[in-house]
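Welcome to a short tour of one protein chain. Keep the viewer open and turn the chain as you read.

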Amino acid sequence: MPRLARPSDAGALGELFHRAIREGESPYTEPQRAAWSPELRGATYWEARICGQAVVLEEREGQVLGFMSLDPEGCIDLAFILPHARGVGLFRTLYGAIEERALALGLARLWTHASLMAEPAFRSVGFRVIQRETVDLAGQTLRRAEMEKMLA
């Protein structure tokens, strides 16, 4: 059952973000992954990064396995799952908690900039691609998709 993140979770979220990008299978090359997350950032960075967002996470036996965040405008800013926890419905569980929160806030639309890795998961819960995008990071170009889902 997902729960809301607490400030004390910031370090774990940062570690999960880094590991989710750098470990496991990915459509991105190693140089692209290194540009996206060049180093593990600490709790102070992550506290600032998620400030003002609702963050839901799933943990088992004290380990955070995945998290997703929602800003007040309806953007799902972050959605990351550890490689060994993928493919078992965790994305759908986290998304369900986010959508429930969005509906309670009266949001009519959710949107995100989905990585190539996350795009199929977002499609599976009803998102559609608005446009394809590229992002330049540290000399690398990463492809992604702007996606949306209407709630009303």
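Two strands are said to pair if DSSP finds at least two bridges between them. With that in hand, look at β6 and β7, which run antiparallel and are joined by nine bridges. Please keep in mind throughout that this is a predicted model.

**The chain as a whole**

The chain has five helices and seven strands. Read along the sequence, they follow the pattern β-α-α-α-β-β-β-α-β-α-β-β. The C-alpha trace spans about 40 × 35 × 30 Å along its principal axes. How does the radius of gyration fit with a compact globule? For 152 residues such a globule would have a value near 15 Å, and the chain has 15 Å, so the two agree.

Of the 152 residues, 45% count as buried. The chain exposes about 8000 Å², and carbon and sulfur atoms supply 51% of that area. Among the contacts with a separation of 6 or more, 60% are between residues 24 or more positions apart.

**The sheet of four strands**

Strands of a sheet pair through backbone hydrogen bonds, either parallel or antiparallel. Here, four strands form an open sheet in the order β1-β2-β3-β4, with antiparallel pairing. The edge strands are β1 (3–4) and β4 (76–81), and each pairs on one side only. Two bridges join β1 to the antiparallel strand β2, residues 54–60. To find this pairing in the viewer, start from L4, whose bridge partner in β2 is V56.

Two helices can be described against this sheet. Helix α1 (residues 10–22) packs on the sheet and touches β2, β3 (63–70) and β4. The direction of α1 makes about 95° with that of β3. Helix α4 (residues 90–104) lies across β1, β2, β3 and β4, and runs at about 35° to β3.

**The sheet of three strands**

Further along the chain, three strands form an open sheet in the order β5-β7-β6, and the pairing is again antiparallel. Which strands stand at the edges? They are β5 and β6: each has a single partner strand, so one side of each is left without a neighbour in the sheet. From one strand to the next, the twist averages 25°.

Individual bridges help to trace how β6 and β7 line up. R128 has E148 as its bridge partner in β7, while the partner of E133 in β7 is R144.

R144 also turns up in the surroundings of S115, a residue of strand β5. Leaving aside neighbours within four places in sequence, S115 is in contact with Y28, W36 and R144. Is S115 buried or exposed? With a relative accessible area of 13%, S115 is buried, because the cut-off for buried is under 20%.

**The nonpolar core**

In soluble globular proteins, nonpolar side chains tend to be buried together. The largest nonpolar core of this chain has 40 residues, and F67, M68, I76, F91, Y95, L110 and F122 touch the most other members. The elements that give two or more residues to this core are α1, β2, β3, β4, α4, β5 (109–115), α5 (119–124) and β7.

L110 is a good residue to select in the viewer. Not counting residues up to four places away in sequence, L110 touches L70, G74, I76, Y95, E99, A102, F127, M147, E148, K149 and L151. Of these, I76 and Y95 are also named among the core residues that touch the most other members.

**Two loop residues with positive phi**

Most residues other than glycine have a negative phi, and most peptide bonds are trans. The table lists two residues with a positive phi.

| Residue | Phi | Loop | Relative accessibility |
|---|---|---|---|
| E61 | near 50° | between β2 and β3 | 87% |
| A138 | near 45° | between β6 (128–137) and β7 (140–150) | 72% |

E61 counts as exposed because its relative accessibility is 87%, and A138 counts as exposed at 72%; the cut-off for exposed is over 50%. A138 brings us back to the strands where we began: the hairpin of β6 and β7 has two residues between the strands, and A138 takes its positive phi there.

Key:
Residues are numbered from 1 along each chain as its sequence is written. This is a predicted model: local features need pLDDT of at least 70, side-chain atom pairs count only at pLDDT 80 or more; totals for chains, interfaces and linings use all residues. Side-chain values use heavy atoms; hydrogens and water are left out. Contact means heavy atoms within 4.5 Å. Axes are lines fitted to C-alpha atoms, for helices over the stretch in contact, and angles run from 0 to 180 degrees between N-to-C directions. Buried means under 20% relative accessible area, exposed over 50%, partly exposed in between (1.4 Å probe, protein chains only). The radius of gyration is taken over C-alpha atoms; the globule rule is 2.2 Å times the number of residues to the power 0.38. Accessible areas come from the Shrake-Rupley method with a 1.4 Å probe; for residues, only the protein chains shown count as cover. A nonpolar core is a set of buried Ala, Val, Leu, Ile, Met, Phe, Trp, Tyr and Cys residues joined through side-chain atoms within 4.5 Å.
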